[in-house]
Amino acid sequence: MGYEDVIIRSYNAQKDRARVEDLERRCEVGPAERGFLFTDTLGDPICRIKNSPVYNMLVAELGDQLVGVTQGSIKLVTVHKPPKNLARVGYILGLRVAPLYRRRGIGFRLVIKLEDWFIANGVDYAYMATEKDNEASFKLFVDKLSYVKFRTAAILVNPVSHQMSRISSKFEFEKLEVEEAESLYRKFMSSTEFFPNDIGNILRNKLSLGTWVAYPRGESWGATFPSSWAMLSVWNSGELFKLRLGNAPSSCLMYTQSSQLMEKLFPCFKLPAIPDFWQPFGFYFVYGVYREGPLSGKLVRTLCRLVHNMASKSKDCKAIVTEVGGSDTLRHHIPHWKFLSCPQDLWCIKALKNEDRNSLLEMIKSPPTITLFVDPREPKASTQEDNVHFCQIQRGGRCQEGHLQGHMKTDGWLPHHGLHGIQKE
């Protein structure tokens, strides 16, 4: 059978569920020296898109073999395109092709078919997110499918410790009712790029744990706003799917276990332990971070500590993930581990209507807005293949790929590439 025999069709849960899960397992296989961040969909392959307003999953068949999949979701968001500054966008994620069938154009055909579905549903722009160094993804979308670089985001990851974070007594907190949270988001963030028009549905979703504000003690939250304040919301992604780190060297596992032992034996030193990422784990996604006033940076950090303490009480939440604009100074106030985070998550976009192509050129030429609203229903951090790369680094030196030693003062293994444990010089 040849390339022309591949059939692209919509996902059928009854027929395809087990085969899609098998394909995901086959796509986990990689070079021995690399680690991978696997996604456990808990038996539901569409779990990552089913909370979106409109979604679809496509599969590629060759004979009796399921050889590829991709997913897409559609929503109405803020895009600075006069006169309405609103656009229907289609998000592409979860593109997978079975290892034995790669380089045959199957991924290309899956994306083209998904774009056809977008067009049939009135989508103005299609976009996707990929790690800046993901050459295969870049070649497919930019070189072959005519996507263009649009914005850069930073994915910030903070591991959850058993130790509770200290909360300053100088600040007060309040959990908002959904109606008040929606009103605040529409008032202060509706002009932010990619702000979802259905923000109310997100806040009312059972996976949204709530919205909190923080402000200086002694001031009030009510008819007027405090001199400084900050706001964020929390989404429980672990209820939909789990993540798991695999294919990492045993020395890294030993380092994790030793750090956990040190935390238990010497709690007074408050040494942060690396969570056990080798077992399936959940994570909280922090979204809709907003701040005002001279103390707002400290208030954001304090709110993040509050979320950490919430997560530490959860059974399997081992990480807190936040995604902000690449140039947003918020990143300096959000606790995260540099070697677990991705500082340059590249967003690429494509106009699907002829009349929108000139608008897209204008958007690309214009300076990017500092803030960027990242929808918690679109877990970008879990959609990239080849997320983690471990390499051995000698004391004070670099690995064979030219990466400088980062956070360890002794010989050992550390993750980089997708989770950026080591930075290239």
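How many bridges join strand β4 to β5, and in which sense do the two strands run? In this predicted model, ten bridges join β4 (residues 65-78) to β5, and the strands run antiparallel. Thr78 stands opposite Leu86 of β5. Strand β5 also pairs with β6 (residues 125-131), here in the parallel sense and over four bridges. One point of contact is Ile92, whose bridge partner in β6 is Met128. The path from β5 to β6 passes through α2, and this β-α-β crossover is right-handed. Strand β5 itself is mostly covered, with ten of its twelve residues buried.

Helix α2 was examined next. The helix has 15 residues, which at 1.5 Å a residue should span 21 Å. Its end C-alpha atoms are 21 Å apart, so the expected and modelled spans agree. Several residues of α2 are buried, among them Ile106, Leu110, Val111 and Leu114. Gly107, Glu115, Trp117 and Phe118 of this helix are buried as well. Gly122 follows α2 and has a positive phi, near 75°.

Positive phi values also occur outside glycine. Most residues other than glycine have a negative phi. Arg103 departs from this pattern, with a positive phi near 65°. Arg103 is placed in the loop between β5 (86-97) and α2 (106-120). Its relative accessibility is 88%, so Arg103 counts as exposed. Ser146 likewise is a residue other than glycine with a positive phi, near 65°. Ser146 lies in the loop between α3 (135-144) and β7 (148-159). With a relative accessible area of 52%, above the 50% cut-off, Ser146 is therefore exposed.

Helix α3 has a buried side and an exposed side. Ser137, Leu140 and Phe141 are buried in this helix. Seen down the axis of α3, the buried residues fall within an arc of 75°, so they line one face of the helix. Glu135, Asp143 and Lys144 are exposed on the other side of α3.

Helix α7 (residues 296-312) is mostly covered: 13 of its 17 residues are buried. At 1.5 Å a residue, its 17 residues should span 24 Å. The end C-alpha atoms of α7 are 24 Å apart, which agrees with that expectation.

Aromatic contacts were then counted. The total comes to 19 aromatic pairs. One of them is formed by Phe194 and Trp347. Their ring centres are 5.3 Å apart and the planes stand at 75°, an edge-to-face arrangement. This pair links distant parts of the chain, with the two positions 153 residues apart in sequence numbering. Phe194 is in the loop between α4 (178-188) and α5 (199-204), whereas Trp347 is in strand β14 (residues 342-351). Both Phe194 and Trp347 are buried.

Phe241 and Phe283 make another aromatic pair. The ring centres are 5.8 Å apart, and the planes meet at 65°. That angle is over the 60 degrees required, so the pair is edge-to-face. The pair also links distant parts of the chain, as Phe241 and Phe283 are 42 residues apart. Phe241 lies in the loop between β10 (229-236) and β11 (242-246). Phe283 belongs to strand β12 (residues 282-292). Relative accessible area is 1% for Phe241, which is therefore buried. Phe283 has a value of 4%, so Phe283 is buried too.

Further aromatic residues gather in a cluster. Phe188, Tyr215, Trp221, Phe225, Trp229 and Tyr290 form one aromatic cluster. A charged side chain also meets a ring: Arg151 lies over the face of Phe150, at 4.3 Å from the ring centre.

Finally, Ser165 and Cys304 were compared in sequence and in space. Ser165 is found in the loop between β7 and β8 (171-176). At 23% relative accessibility, Ser165 counts as partly exposed, because buried means under 20%. Ser165 and Cys304 are 139 residues apart in sequence. In space, their C-alpha atoms are 9.4 Å apart.

Notes:
Residues numbered from 1 in each chain as written. Predicted model: local features only at pLDDT ≥ 70, side-chain atom pairs only at ≥ 80, totals over all residues. Heavy atoms only, no water. Buried < 20%, exposed > 50% of the residue type's maximum accessible area, 1.4 Å probe, protein only. Expected span 1.5 Å × (residues − 1). Phe/Tyr/Trp six-rings, centres within 6.5 Å; stacked < 30°, edge-to-face > 60°. Lys NZ or Arg CZ within 6 Å of the ring centre and 35° of its normal. Pairing = 2+ DSSP bridges. Right-handed = clockwise from strand over helix to strand, strands pointing away. Arc of directions from axis to C-beta.
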